[in-house]
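Hi everyone, thanks for coming. Please take a look at the protein on the screen, and then I'll walk you through a few parts of it.

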Amino acid sequence: MANIPVRYPIGIQNFEKLRELGYLYVDKTELIYNLVNSSNCIFLSRPRRFGKSLLLSTIQAYFEGKKELFEGLAVERLETEWPVHPVLKLSLATYHAADGGNLEEILSNQFREWEKQYDVEVETTDLSSRFGNIIKAAYRATGQCVVILVDEYDNPVIETMHDPGRSEAHRLLLKSIYVNIKDLDEYIRFTMLTGVSRFSKMTIFSGLNNLRDISLKEEYAALCGITENELLDNFLVGIKKLALKRKTDFNGAVALLKTNYDGYHFSKVSPDIYNPFSLLWAMDDGEIGSYWFQSGTPEFLVRQIQKGNNFLPEMFSESVEESLLSETDIFETTPIALLYQTGYLTIKGYEEPNLYHLGIPNLEVRQGLFHYLARQYMNESPTAISRNVREVRKLLEEKRIDEAMERLRTFMAGIPYEMADKATELHYENNLFIIFVLTGVDARPEWHTSGGRIDLLLRMRNYIYIIELKRDGTPDEALAQIRKKDYARQFAGDPRPIINLGITFSAETRNITDWKAEELC
């Protein structure tokens, strides 16, 4: 009998379709069972394409009593009654501002379907009143409390951020809709809203004092995404396929997946979480690609970073308090919170009493984001940037440091100067930093050590570079700091030679002025 190929659910967000057509499903139903039976009103924030829609579809099938879909899954042994509830599932992911999206029309069309289903006599055009009437009608028609599921609750607000007036109108409309969840609590069994961000000052959730935010809860850290154990339990066929195509062994294939797609954490103590979108594509293709990053570009984030005149090395290895991660106003917040909420930064450590250390999750995000930043900051073609980065990387791999620095200095001199005078110095420092990050297969900005933070760590094929950048200083001062902080100590067990590299940068010339390297014995 021929082996039946594994069907990976790429783009499949409907649980019923996934199960009926035999797609692979990583069993999250024990977590779902615990969640729906311990809380009544839930909010979950996760990055885009992280499985939020499939999660809500699974919860919908559970509350609709579709026991047959859960055969062989954990919830089958946990649930004994399978009561059927009316489910109102609203997806706002279909709203696209660029296509002239009309939020009122999207809501009205969905409400019209429910009004027909539950025989609601429409006596008003007010959307909030219509939604409230639908909830009460669904309860009366079935005799069961209602389940409300809202997918990408914040999408219309985020999509229109370039138009503050329109975005504020959407915020107010959604607030008027969601207030029914509080006012009609006696008719509601369970509510769950998902999105990218939770906005406190925007007050979309105003009045929902029973809302439980599980976005940073340890017990639900793996509710979306794939853990290491789930990878090894469910993706053996795909891993072997990848190993064969990449001419490596099983462990080598797992290492490739881990380097490129792992590294997310969503609580103080969290298992490593793989990006499910990229992982599924890699399993299906048998290749390593920038699947998640290429599925959507962070244009708004880059605009916010540039607008705020931020120093990139600090931004991509920041320590913040929990309030910045969980409750922010997208119109006023720093880009760091947005980078975390959208998945370009993740939790890399926790320090009492309430400090989260953030960092870039994995190689796919680091390479994709910095290539994008390079195009936006340098106003150069991707071809020109890639050509120069490849050359600098080659020279550093061959320890031809002087040539690499000269190449960098020549490239930096040709970058157009388009920013305000007060931002010029920072602008060019950021350009230099971006180029360095792109030169290393494993480039870590602001790498934490016991003695401090390395400006930039490049772990290349042949060498490890510890780089310290000094503005209007001397290379000797930069090297002295590397030695004083004993940055090299944590790499003592690595067989690759370690090279300390001090580089100075001039505020006047906006370019590299000098450098000095020393190889450790």
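**How far to trust the model**

Let's begin with residues 419-423, where pLDDT (the predictor's confidence in each residue, from 0 to 100) stays under 50. For that stretch the model has three contacts beyond four places in sequence, a contact being heavy atoms within 4.5 Å. The protein's mean pLDDT is 88, and 92% of its residues reach 70 or more.

Two housekeeping notes. This is a predicted model, in which local features need pLDDT of at least 70 and side-chain atom pairs count only at pLDDT 80 or more, while totals for chains, interfaces and linings use all residues. Residues are numbered from 1 along each chain as its sequence is written, and side-chain values use heavy atoms, with hydrogens and water left out.

**The sheet**

Next, please find the open sheet: three strands in the order 8-10-9, with antiparallel pairing. Strands here are DSSP runs of E, at least two residues, and helices are runs of H or I, at least four, numbered from the N terminus. Two strands pair if DSSP finds at least two bridges between them. Why is one side of strand 8 and of strand 9 left without a neighbour in the sheet? Strand 8 (319-321) and strand 9 (346-351) stand at the edges, and each has a single partner strand, so one side stays free of a sheet neighbour. Strand 9 pairs with strand 10 (residues 355-359) over five bridges, and T346 stands opposite G359 in strand 10.

**The cores**

Now for the inside. A nonpolar core is a set of buried Ala, Val, Leu, Ile, Met, Phe, Trp, Tyr and Cys residues joined through side-chain atoms within 4.5 Å. Buried means under 20% relative accessible area, exposed over 50%, and partly exposed in between, with a 1.4 Å probe and protein chains only. The largest such core has 116 residues, and M192 and F235 have the most contacts inside it. Helix 18 (residues 363-378) gives the most to this core, with eight residues. A second, separate core has 36 residues, including V120 and I135.

**One glutamate**

Finally, meet E115 in helix 5 (residues 103-117). Is E115 buried or exposed? E115 counts as buried because its relative accessibility is 6%. Beyond its neighbours within four places in sequence, E115 is in contact with V120, V122, R130 and I134. The side chains of E115 and R130 also make a polar contact at 2.8 Å. That term means a pair of N or O atoms within 3.5 Å; within protein, one must be able to donate a hydrogen and the other to accept it, and residues adjacent in sequence count only if both atoms are side-chain atoms.
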